[in-house]
Structures are given as C-alpha cells and as structure tokens.
Amino acid sequence: MPRITGEHFQQLKNVLRKALEDECEVSFTYHDAPRSGKLTDFGFGPQGSFITIEGNNEVKSFSVAKISELRVFQLA
C-alpha cells in the first residue's frame, strides 16, 4: 500500500484544511490497523507531518508517513 510522502502531504494541505473547517471525519490504516475519527488538527512537527483525530473519547496524533488509505467523510 502506498504511503503519504512529504510531497503528497503538501498536496493534501488544502483537502485537510477544508476537512478541518467542515468538521469532517477521516479514516485510514495505521500500522495495519483501521483508524477513524473527527479531524482536529494537522501540521508538520519534529517527527514530520501529522494529523490529529478525536475518536472513542480520546485524541491521538498519527505520523502521515505511516498512514495509508486516507479517506475524508463529511459528517451528516
């Protein structure tokens, strides 16, 4: 499965910004495990590009380099 590189993250910024403004949910695979939740933040930190989601009453950040199959969903 292809991973999201730094170059691709640059292309995703507009999509993620819109998803954050519209309070969208995201789903993706991280270390072969499915993850999903409301997008609460994204950016570039000391460990590289990341996204932060809120789901199951917890907030977690994930390294974009280890994410595959990223999907954005509009909340109903």
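In the predicted model, F28 touches A33, P34, R35, I51, I53, F62, I67, S68, E69 and L70 when residues up to four places away in sequence are not counted. F28 also belongs to the largest nonpolar core, which comprises 15 residues. Within this core, L16, F28 and I51 touch the most other members. Two or more core residues are contributed by each of α1 (6-21), β1, β2 (33-45) and β3. The greatest contribution comes from α1, which supplies four residues. In soluble globular proteins, nonpolar side chains tend to be buried together.

Strand β1 spans residues 25-30 and includes T29. With a relative accessible area of 13%, T29 falls under the 20% limit and is therefore classed as buried. Once neighbours within four places in sequence are set aside, the contacts of T29 are K66, I67, S68 and E69. Of these residues, I67, S68 and E69 also appear among the contacts of F28.

The strands form an open sheet of five members, arranged in the order β4-β3-β2-β1-β5 with antiparallel pairing. Its edges are occupied by β4 (58-63) and β5 (67-73), each of which pairs on one side only. Direction being ignored, neighbouring strands of the sheet are turned against each other by 40° on average.

Towards the β4 edge of the sheet, β3 (residues 48-55) and β4 run antiparallel and are joined by six bridges. In this pairing, F50 stands opposite S63 of β4.

Note on methods
Residues numbered from 1 in each chain as written. Predicted model: local features only at pLDDT ≥ 70, side-chain atom pairs only at ≥ 80, totals over all residues. Heavy atoms only, no water. Pairing = 2+ DSSP bridges. Axes fitted to C-alpha atoms, helices over the stretch in contact; angles between N-to-C directions. Buried < 20%, exposed > 50% of the residue type's maximum accessible area, 1.4 Å probe, protein only. Contact = heavy atoms within 4.5 Å. Core = buried A, V, L, I, M, F, W, Y, C linked by side-chain atoms within 4.5 Å.
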